[in-house]
Amino acid sequence: MSGVKFVEEFRDGAIARGLARRIAEVARGLPEVRLMEVCGTHTMAIYRNGIRQLLPENIVLISGPGCPVCVTPNDYIDRAIAFARRPDVTVCTFGDMVRVPGSSSSLELEKSRRADVRVVYSPLDAVEVAVQNPGRKVVFLGVGFETTAPTVAAAIELAAAKGVDNFFVSSAHKVMPPALAALTADARLGLKGFILPAHVSAIIGVVPYQFLAAKHGMAGVIAGFEPLDILQGILMLVEQVAEGRAAIEVQYTRVVREEGNPRALALLERVFQPCDAEWRGLGMIAGSGLAIRAEYAAHQAEANIIVEPEQTVVHPSCRCGEVLRGLLHPRECPLFGTVCTPETPVGACMVSTEGTCAACYKYGAPAEEGSVGG
C-alpha cells in the first residue's frame with residue numbers, strides 16, 4: 001500500500017494545477033518558450049496526462065527523437081530482415097522492433113513466412129536461446145540508448161566468458177548528448193531548453209549535458225516520468241529562462257546521481273566504443289553510436305554473418321523524420337490516423353509504444369480535454 005501511495009503522490013491533481021499556475025506566473029510576459037522532451041517515456045506521459053493543456057500559450061512543448069526504435073533507420077531494419085531470411089539464423093529482439101516496416105517487409109511478416117524471429121525481454125534471454133540451439137546463429141538486435149546498452153554489454157561479456165560462439169549482436173545503440181548538440185544547432189526549432197531523459201541520465205549522470213549550458217546557453221532539467229515530475233521540471237526550465245540563466249539541473253534527484261552509474265559506465269566502456277551513427281530524421285551524427293570493440297568481434301553480427309539486404313526505400317509520404325526532429329506535429333502528417341495507424345503502421349513513430357505518433361493517436365483526443373490526476 002505504501003508503494004501505491006508513493007506513486008499517487010506524484011499524480012495529485014491539486015498539486016499539478018498549483019504547479020501549472022506557478023508556471024503561468026513565471027512565464028507571464030515572456031516571449032514564446034519552446035522546450036523539447038527527448039525521451040519517449042516523457043512523450044507518452046505528457047500526452048497521457050494532458051500536460052500541454054495545463055500550460056500557458058507561450059510555453060510550447062515539442063517532442064524530439066527520444067524513441068530508440070523510431071530513430072533506427074530503415075537500412076538497419078532491412079539488414080535485420082535479411083538476417084531473419086537466412087535459414088540458419090534466429091533473430092531475437094524486443095517487441096516493438098518486430099512490427100517496424102522496412103523497405104518491403106517487416107520481421108513480423110518474415111515470421112509469418114516461417115522465419116525464426118523471437119521476442120525476448122532481455123538480451124540475456126537471447127544468450128540462453130543460443131545455448132539451447134547450438135546449431136543456429138542467434139542474432140540479438142541491439143537497439144536503444146545508454147539505458148539499454150549496459151544490459152547488452154553484459155550479455156556479450158557473458159557469452160564470451162561461457163564460450164557461446166553462436167551469439168551475435170547487431171549494434172544500433174545510440175547515445176543522447178551528440179543528438180542534443182545537433183538539435184541545439186537547428187535554428188528552426190528555436191529551443192530554449194530540454195527536458196532531459198531520466199533513464200539515460202541514471203546511467204550517464206549530469207556531466208555529459210553540461211556543454212548545453214556552458215557552450216550553447218541552453219537550459220536543461222533532468223525530470224522524472226510522473227506528471228508532477230514533468231510539471232516541476234518545466235517550472236525549473238521556465239524559471240531559468242525568466243532569470244536569463246542556463247544550467248543543467250536535476251529534478252529527478254530520487255534516482256539520478258551527478259556521477260551516474262559507474263558500474264554501468266565501466267561495462268559500456270569495456271564492450272563498446274564510440275562510432276558515428278545514422279539517426280532516422282537527423283542523419284549521420286558523429287560519435288553518437290556504440291560499436292562493439294575488437295576484443296568482442298566474435299560476437300559482432302555484421303562481421304560474422306554475411307547478408308545482402310535489399311535496397312533501402314523509404315515511404316515517400318512518411319514524415320517520421322520531421323516528427324523526430326520536432327519540425328512537424330504528428331497530425332500534420334498526411335498519413336496520420338488514416339493510412340498510418342497503430343494497427344497498420346507506415347512509419348516507426350506509429351509502431352513503438354514510445355513513438356510520438358503512437359502517443360498522439362492514443363492519447364491526443366483525451367489530452368485536449370486535459371487534466372492531471374482527475
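## Ground rules

Here "buried" means under 20% relative accessible area, "exposed" means over 50%, and "partly exposed" is in between (1.4 Å probe, protein chains only). This is a predicted model, where local features need pLDDT of at least 70, side-chain atom pairs count only at pLDDT 80 or more, and totals for chains, interfaces and linings use all residues. Residues are numbered from 1 along each chain as its sequence is written, and side-chain values use heavy atoms, with hydrogens and water left out.

## Cysteines

At 13% relative accessibility, C333 counts as buried. C70 is buried too, with a relative accessible area of 0%. Searching the whole structure for disulfides (cysteine sulfur pairs within 2.5 Å) turns up zero. C333 is in none, and the nearest cysteine sulfur, from C318, sits 6.1 Å away.

## The four-stranded sheet

Now for the strands and helices, which are DSSP runs numbered from the N terminus (helices H or I, at least four residues; strands E, at least two). Strands pair if DSSP finds at least two bridges between them. One open sheet has four strands in the order β4-β3-β5-β6, with parallel pairing. β4 (116-119) and β6 (167-171) are the edge strands with a single partner each, so one side of each has no neighbour in the sheet. On average, neighbouring strands here are turned by 25° against each other, direction ignored.

Zooming in, β3 (residues 89-93) and β5 (residues 137-142) pair in parallel over four bridges, and T90 stands opposite V138 in β5.

## The helix across it

Helix α8 (residues 123-132) lies across β3, β4, β5 and β6, running at about 170° to β5. Angles run from 0 to 180 degrees between N-to-C directions, using axes fitted to C-alpha atoms, for helices over the stretch in contact (heavy atoms within 4.5 Å).
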